[in-house]
Protein chains: 2
Amino acid sequence: MSVRTLSVEAVSKVGAEVTIKGWVNARRNMGKIVFLDIRDRAGTIQTVGVPSQMTPESVERLKEVRLEWVLELKGAVQERGAKQKNPNSPTGAVELLIKELKVLAKAEPLPLDLEDEKIGLGIHLDYLPITLRSEKYRALFKIQAEIVRGFRDYLNAQGFTEIQAPKIVAAAAEGGADVFEVKYLKNKATLAQSPQFYKQIMVGVFERVFAVGNCFRAEQHATTRHLNEFTGLDLEFGMIEDHHDVMNLETELLRHILNHLDKTVSSELKLWSYIRPELPEKIPYFKLREVQELIKKETGVDHTNEPDLEPGEEKWLGNYVQEKHHSDFVFITHYPTAKRPMYTYPDEADPEFTKSFDLLFRGVEITSGGQRFNDYNQLVQSMKNKGLNPEDFKFYLESFQYGMPPEGGLGLGLERLTARLLGVDNVKEATLFPRDLNRIDLQLSPPEYKQ
Amino acid sequence: MSVRTLSVEAVSKVGAEVTIKGWVNARRNMGKIVFLDIRDRAGTIQTVGVPSQMTPESVERLKEVRLEWVLELKGAVQERGAKQKNPNSPTGAVELLIKELKVLAKAEPLPLDLEDEKIGLGIHLDYLPITLRSEKYRALFKIQAEIVRGFRDYLNAQGFTEIQAPKIVAAAAEGGADVFEVKYLKNKATLAQSPQFYKQIMVGVFERVFAVGNCFRAEQHATTRHLNEFTGLDLEFGMIEDHHDVMNLETELLRHILNHLDKTVSSELKLWSYIRPELPEKIPYFKLREVQELIKKETGVDHTNEPDLEPGEEKWLGNYVQEKHHSDFVFITHYPTAKRPMYTYPDEADPEFTKSFDLLFRGVEITSGGQRFNDYNQLVQSMKNKGLNPEDFKFYLESFQYGMPPEGGLGLGLERLTARLLGVDNVKEATLFPRDLNRIDLQLSPPEYKQ
């Protein structure tokens, strides 16, 4: 086997004979000469087939070759003529003059144009195994991988330990209609909505932990923001003063991720409507009631007794904060105790409201977080207040019985963050293999997608 | 809030007044003087309470303090007397002379001794939220986190892209009794046994991919090697010659992980029966039939027609290879085509057997892998041969219809690898929150665990 050269490595090998392997990304006939753009994991490179320069078998094979065929090409790297150079491509100064062509895999004629931006979401999702090969979607999921890497790198550097949280959890507990049920051998179990209980338990072990993993919500919503399975970026840490420590950590975490993207995927970002988010030294924060008063004053709509903001109000606030505070992010704190989970810490000064927060990014919620109860008796009482049976939480409660520091944490939705960063309207586009009400790959596809 | 000093940072702050926060790891009374070992995320430090040096409130509080209480301690770092120094602890040359003591959280008296190595597995698992706090288990899961980090670092450096694979998958497909069923809104779905299909699809997109995530097996086995939910370290890559490329990659991946552990968790490894595995330049490999012939010759047991090795035979081979080849690892290749999944590539020279492999580590299987079909027609034919309906795999098959290079990959069980590395007998001990036939945390616990 000859040593393989990656597309981008060819730039430094002008004059040498190399072997390139990859997919046919484009094919252009110029009379007898054929140009093939070859795509590999590192990029693309132009190759040129001139019959007189090739073995006879290769000439015959080249005639057959179409898009997405996988080829092994042997030939010499040559510099392009001055007018043929493409300054926008990392390999735009060179091309491979094909000598031998070997077919590694054929492809049927494509059912759609991979770079066509006008195919609808339904078709896009029906053909994900090939639509993901387009330049834009490869860029999107490279960026997503780097978001995750930036998340981990920052937290590792801050003394956090990564944990592997289970997804099969007990049937009882918090319950609710939005939980998936699993037939667990002879029993019932459910799929974890988040690693909440496990990351809290692990604060008792490692003090600072994070987890990256699938989260499951049996929501019946078919919106541009909801998924039935998403990737949660979760963290939790002890020895905090209050929820502001968690908010401050998230601010610096986001700053690290944005810097990391600049360093690793700047060219990928350019393929999307990426505008670097404005992230001030301190992200503005408001209490829910303050926001509602503001909305009442500015728009006349009185929702000052509602337990949450409506999507339209979140969008309004996003715009308001952008204009007034030059921030694409805004924290909303102090959601009502009655509406937050039983582990949420109330504000001692006003116990009807909690030391919890949501983070809105460009008008869409991407994080929920806050301080949690760390005192066993308070936590048990909170469960009772919510009509829950502490016996069902015996395992989780062990952590609090045996010494848990003041602690808090947050969960960040990877796909929502990706979508908001890149100006993607529907979060399903920023999800590798989205599951929703009507779709698991091609199964369950509803008729309206099929038109 | 005073700035916090971590236990290990105190070593360089002799003479300074600092604030330490952490759990009471040990308490020793010496007449009026009390020693507390304080544990935080970075390590432990000895603190000493001398009544004459403390505020009156702190003296009273110190009397109450017990194991696992969470404290904030202010005082001066002082060098210990020559005889009091402990060369085995990173903080063994210093101690904190307590001036002020604040209680951040109390703990009930512990139901067991955290460092007692003789408590049974059932009790250990019943009390995981606290038994995980012991020095040995904190070390174990730190090591596990670094195995995962080593896995990712190596693959990122080799041009692999991390993907987030879905866990909710279609109901039909490969099926089998060992698949968990999920009530998916109005339909049925199942939990993915591995990211197999998705990582193969993504080879068409990124050429080289990996995934770290939960895998689900509804196995009815209650053994020391089986889990119903485990962490899969999965990778898949294109442009290979055959399964040997995959085996070679795994060899270098393991080498990187072992080196990474030496660098990051050498002291944690010492707490377990860690003997650095022997990993030769090339891991020995044998065809299944060769191994069976060898066993027949050496032991007289004739299993030369069996489709797999028995656990006892794997153990025998592990010992044999250790002695003869000085390797703790051995690949077994060429499992029968009839017994491997439909995507497994057969050996052209002997199509009854496959270009697949298992990797045994110290006599236990930790990896399955191999070359896969990349040709659409061959793959469809293989499905039919196995009695499967290609229509059920339409989404997956798109990848192969539209150009897939020769490719292969593997899945590595994180918990099994951890257990074998550290000499842990039962894989459940190397699993953060193990699920088995009878256990989801405290739910489903069978009576025999409760004695």
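Reader: Let's start in chain B: which residue is the bridge partner of B:Gly238 in S18(B)?
Author: Happy to begin there, and please keep in mind that this is a predicted model. Strand S11 (residues 229-238) of chain B and S18(B) run antiparallel and are joined by seven bridges. In one of these pairs, B:Gly238 has as its partner in S18(B) the residue B:Glu407.

Reader: And which residue of S18(B) is the bridge partner of B:Gln371?
Author: Here we turn to strand S17 (residues 364-372) of chain B, which is joined to S18(B) by six bridges. These two strands run antiparallel. The partner of B:Gln371 in S18(B) is B:Gly408.

Reader: How many of the seven residues of strand S18 of chain B are buried?
Author: A good way in is to look at the two faces of the strand. B:Glu407, B:Gly409, B:Gly411 and B:Gly413 point one way, B:Gly408, B:Leu410 and B:Leu412 point the other way, and all are buried. Strand S18 (residues 407-413) of chain B is therefore largely enclosed by the rest of the structure, the number buried being seven of the seven.

Reader: Over in chain A, is A:Glu241 buried or exposed?
Author: A:Glu241 sits in the loop between strand S11 (229-238) and helix H6 (243-264) of chain A. A residue counts as exposed if 12 or fewer other C-beta atoms lie within 10 Å of its own. For A:Glu241 there are 11 such atoms within 10 Å, so the residue is exposed.

Reader: What separates the C-alpha atoms of A:Glu241 and A:Gly408?
Author: Along the chain, these two residues are 167 residues apart. In space, their C-alpha atoms are separated by 9.3 Å.

Reader: Stepping back, what share of the contacts in chain A between residues at least 6 apart in sequence join residues at least 24 apart?
Author: Some background on the chain helps here. Its secondary structure comes to twelve helices and 20 strands, and its C-alpha trace spans about 85 × 60 × 45 Å along the principal axes. Of the 451 residues of chain A, 47% count as buried. As for those contacts between residues at least 6 apart, the share joining residues at least 24 apart is 66%.

Reader: How far apart are the C-alpha centres of domain 1 and domain 2 of chain A?
Author: Chain A is divided into domain 1, covering 7-105, and domain 2, covering 133-431. Their C-alpha centres lie apart by 47 Å.

Reader: In what order do the five strands of the barrel in chain A close?
Author: Let's begin with one pair: strand S1 (residues 17-30) and strand S4 (residues 70-79) of chain A run antiparallel and are joined by seven bridges. Within that pair, A:Gly22 has A:Leu71 as its bridge partner in S4(A). Taken over the whole barrel, the pairing is mixed, and the five strands close in the order S1-S2-S3-S5-S4. From one strand to the next, the twist averages 55°, and to end on the order you asked for, it is S1-S2-S3-S5-S4.

Reader: What angle does helix H1 of chain A make with S5(A)?
Author: Helix H1 (residues 56-64) of chain A lies across three strands, namely S2 (33-40), S3 (43-49) and S5 (94-105). Relative to S5(A), the helix runs at about 80°.

Reader: Back in chain B, which residue is the bridge partner of B:Val18 in S4(B)?
Author: Chain B has a barrel of five strands too, with the order S1-S2-S3-S5-S4 and mixed pairing. Its strands S1 (residues 17-30) and S4 (residues 70-79) pair in the antiparallel sense over seven bridges. The partner of B:Val18 in S4(B) is B:Gly75.

Reader: How many charged residues are on the side of chain A that touches chain B?
Author: The contact takes 78 residues from chain A and 78 residues from chain B. On the side of chain A, the classes are 43 nonpolar, 13 polar and, for charged residues, 22.

Reader: What kind of axis relates the two copies?
Author: Chain A superposes on chain B by a rotation of 180° with 0.0 Å of shift along its axis, at an RMSD of 0.0 Å. The two copies are therefore related as by a two-fold rotation axis.

Reader: Which residue of chain A comes closest to the rotation axis?
Author: Strand S8 (residues 181-184) of chain A and strand S8 (residues 181-184) of chain B run antiparallel, joined by three bridges. In this pairing, A:Val182 stands opposite B:Val182. With its C-alpha at 2.3 Å, the residue of chain A closest to the axis is A:Val182.

Notes: Residues numbered from 1 in each chain as written. Chains lettered and ligands numbered in written order. Predicted model: local features only at pLDDT ≥ 70, side-chain atom pairs only at ≥ 80, totals over all residues. Pairing = 2+ DSSP bridges. Helix = DSSP H or I, 4+ residues; strand = E, 2+ residues; numbered from the N terminus. Contact = placed C-beta atoms within 7 Å. Nonpolar A, V, L, I, M, F, W, Y, C, P; charged D, E, K, R; others polar. Least-squares fit on C-alpha atoms with pLDDT ≥ 70 in both. Axes fitted to C-alpha atoms, helices over the stretch in contact; angles between N-to-C directions. Domains from an automatic or database assignment. Buried ≥ 20, exposed ≤ 12 C-beta atoms within 10 Å, placed from the backbone.
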